[in-house]
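Hi,

Here is the structure I promised to pass on to you. Have a look around first, and then read my notes below.

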Amino acid sequence: MTMAKPFAGSPIANISTNVATAWPNRYDAVVFLAVGALFAGIVQAARWMHQPLASLDLHPVSLDPWNLPQYALLTTLRMFAALGLSLLFTFLVAPLAAKSKKAERLIIPALDILQSVPVLGFLTFTVLFFIALYPGGEFGAELAAIFAIFTSQAWNMTFSFYQSLTTVPGDLDEAATHFRLSPWMRFWKLDVPFAMPGLVWNMMMSMSGGWFFVVASEAISVGDTKIMLPGIGSYISLAIEQQNIGAIVWAVGAMAVVIALYDQLVFRPVVAWSDKFRVELVAAQAKPESWVLDLIKRARLFSAIGDFVGHLLQTLSGSVSHLSKQIPDAPKVSVATGRLFDWAWNAALLVFAGWALWSVYSYVHAAVGWSDLGEAVASGFITFFRVIVLIAVASLIWVPIGVYVGLRPALAERVQPLAQFLAAFPANVLFPFVVVGIATFHLNPDIWLSPLIVLGTQWYILFNVIAGASVFPSDLSESATLYKVKRWQWWRKVMLPGIFPYYVTGALTASGGSWNASIVAEVASWGDTKLEAHGLGAYIAKATAAGDFHRVVLGVGVMSLFVVLVNRVLWRRLYALADRRLRID
Amino acid sequence: MGVYPVTAIRGNANGRDPLVSVSHVRHFYKRGASSNLLVLDDVDLTMHDNEIVALLGRSGSGKSTLLRIVSGLMPPTSGEVTIDGQKVGGPADGLAMVFQTFALFPWLTVQENVELGLEAQGVPADERSKRALAAIDLIGLDGFENAYPKELSGGMRQRVGLARALVVNPKLLLMDEPFSALDVLTAETLRTDLLDLWCEGRMPIRGILMVTHNIEEAVLLSDRILVFSSNPGRVIAEIKVNLPQPRNRVDPAFRALVDDIYARMTARAAPAREGLFPGTGISMSLPHVSTNTLAGLVETLAEPPFDGRADLPLLAERVQMEVDELFHAAETLQLLRFAELAEGDLQLTEAGRRFAQAGTDERKALFAQHLVTYVPLAAHIKHILEERPSRRASIIRFQDELEDKMPEEDAETTLHTVINWARYAEVLVFDGETGMVGLDTPPSAAQE
């Protein structure tokens, strides 16, 4: 169970524990604006190239359950295509940030913000942009979906890899230099293996998030453009439109099968395999296991093929390795020239920031007044309140359960995979059931739509708490028993501090995900019934449906600001506190 | 066994280039914009074939830095290193290093770890495997080729480290405190095995250059010992060890040599008290030594068989401390005037004896008095706090002040050491959460 180590490579572990750095710095501002400007640019481009979209004709999706295996396969393929892209991005960008100080200054704050921004809000822009690139074809829509998933996956993986690259143990680094490993060899023998456990954890987190996005990105309607790619997401969307509850049950079943297969066939083997890359020199007590990996290891033909492929790769990599030795070192520049470069770079960043600020302002201001900003911010507070209350409610429910389970290893072993499975399950697939309930009983959507935003993210709290409780030192719990520490005192003085760092990790992840989910959760429909809660998510969703891009940019900008501020001001401080005071080593 | 002055380096008998030649090597570490820390000052070293040379010194003596300069891992600020007459300008062929922490790649098997250097040289797979297995066999790890490092004990891991170094057929083997991460028995076995391989000529190497802080290890293994001083690192003595192998730790000649080296390593400390630690006044950089260690050392010294005066090697054995730790503690006692260091002996002062006899409160009072009198930084902090109406100040204020005078890390260690001493002495209070330092006012005084 890699989950038992939520600190090992979770995005949160990347956060500096230094409180002083928790506040946004000027680079954050630069990048924040740059990202806004970039997306505003994409929107503009998409608007210009908007026309051909109307004629876009894709294969119609049907509700026949027999189509589901095919749809599930397509959905899964999109997922893995995006994961492959994310990995490529990670291997290219992270080393750049780790090796070059100048690149680092731009890339790291960018990643930091991108991983907390509600990417779901940008979905519509990217879809329009890609469709405009390949007008009239399905390919553009496919690319758009894959890109949307990519944007939900890449950042934390890159961050994790960068973090690993900068913390390669000094002695291994020296040994690699001493034995004169070529850059290529060093990358595959030292950098990648060392980063592997953290990277695998982050890939898993990315996949969980990705399922959510793949479902959301297959069926998109922006203004009067409607795109339906064959896949589970479109199937569900069609079922909602036709009020077909039976089809939704089928879809949920198909999704469950897909996630279970993915968990058993892909994720678990990879986790079990990546365990060998841990740098602890003591063997861990509970090694992750996977029957699939055991099977692969035992399969003779398979290993023979594997050996053969390995041999081919080795020969190939040998020549690449030789080539990579020829790469000349960076030219040495004098201190004065270096300083001049630094200065020029900073100036360029500043100009870029100014331009970005101006373009975001002028774009939004062209159609939107100050009152709209006020409305967006007010909606933001409503969603903020909703997220906080629901995280609190989820915590009240799952912390005691998590502790109960975590303290019983036999039970934890059975529950932990279930919690991981539930976290990977795209909660938006389940939304229709709740919506049907609200519509049938005429409940208040402001209250009853709210639980949807933590439906998918609450599991992060559960499995982190289980992980924390299961590694709680037995000497501490024994001494608590001996001194007869009970009930409230036990929670306050023994268990809560013990699991706190784990809880914060889980709650931070859950909170970030909930903001994202609000965009699809605050507005829901069932056939012709439209349900709507107040909040920033609803604001963005409505603006999207109306094709009002100025308000979408405004809404997403405000939401990004909220998420980043909440992370910096609340979660990271808690995390730093947990790391400083309550970490049990 | 004779002692040579540093400058008198042996002439080259056969006219060949020496295996290693280090001349006038100086090395600075950059510390902030203006000041630099000199870690190696004008070091010379000539090493010939069939020699084991030990670089002996305390932490901060730059001996590991010198090893890295010789290996080409870092360039010296000035000076030159040649190997077989070739100038070293980067990691070079013909050298192999054994690391203190083993530096094995946990995701590679024993054999893959051993093959690493060969693979980097582009040796074909078949030959790689043959040579690696031969090296593994030589080093006594037959049967563990496919094991991962985490399955091995520390001693076996270091054997892998040695095999990995030997397999590239180096002419010179560099060893950076190779046995210091191992337990006593394992380290002894490995030393003996290494010597056997060396004496029987079964390793392809022509010389071993080894860094250690363990005096007995240096005397046990090497033909020549270069003793380094600390801050900055300089060669203060070059000692030729003429004892025949295998050497015996209880041999009187062996003991005499060890005692002699102990005396040399503490000699410089004797004349000026404050000269013990780099810097003077409040900019004196202090090592981390806990008050428990200090009290324990004073007690041990006061008891039989020492009765107030102890030979350092014997004391080190008795209290089971590394030489470095012991030196730090002994020098701290000297700074506080609880003991005197002279000629490799540590002797309690009158105050030290009183401290040993005293009860807890009395000890604290005595310690407080000596602390404020003899440690300028303690007096300084107390003085600053007394001048403030709140009688409190942030630790950052002192940290910043110290960082102007010494490297950041040293400043932190020094400050925390002094604050911990002062907390024990009930001179200061410190809140780790807020980082506030305050005066420890007795209950009666607080009401005034």
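Please keep in mind that this is a predicted model. A good place to start is a small sheet in chain B: three strands make up an open sheet, in the order 15-17-16, and they pair in the antiparallel sense. The edges of this sheet are strand 15 (392-394) and strand 16 (428-431) of chain B; each has a single partner strand, so one side of each is left without a neighbour in the sheet. From one strand to the next, the twist averages 25 degrees.

You can zoom in on one of the pairings. Strand 16 of chain B and strand 17 (residues 436-439) of chain B are antiparallel and are joined over four bridges. As an example to find on screen, B:Val429 has B:Gly438 in strand 17 of chain B as its bridge partner. There is also a helix packed on the sheet: helix 15 (residues 408-424) of chain B touches strand 16 and strand 17 of chain B. The direction of helix 15 makes about 120 degrees with that of strand 16 of chain B.

Now zoom out to the whole chain. The domain assignment splits chain B into domain 1 (3-265) and domain 2 (282-439). Their C-alpha centres are 35 Å apart. Where the two domains touch, 11 residues come from domain 1 of chain B and nine residues from domain 2 of chain B. On the domain 1 side, helix 7 (residues 252-267) of chain B gives the most, with four residues. That side of domain 1 of chain B is made up of five nonpolar, three polar and three charged residues.

Enjoy exploring!

Best wishes

Methods
Residues are numbered from 1 along each chain as its sequence is written. Chains are lettered from A and ligands numbered from 1 in the order in which they are written. This is a predicted model: local features need pLDDT of at least 70, side-chain atom pairs count only at pLDDT 80 or more; totals for chains, interfaces and linings use all residues. Domain bounds come from an automatic or database domain assignment. Two residues are in contact if their C-beta atoms, placed from the backbone, lie within 7 Å. Helices (H or I, at least four residues) and strands (E, at least two) are DSSP runs, numbered from the N terminus. Ala, Val, Leu, Ile, Met, Phe, Trp, Tyr, Cys and Pro count as nonpolar, Asp, Glu, Lys and Arg as charged, and the others, Gly among them, as polar. Two strands pair if DSSP finds at least two bridges between them. Axes are lines fitted to C-alpha atoms, for helices over the stretch in contact, and angles run from 0 to 180 degrees between N-to-C directions.
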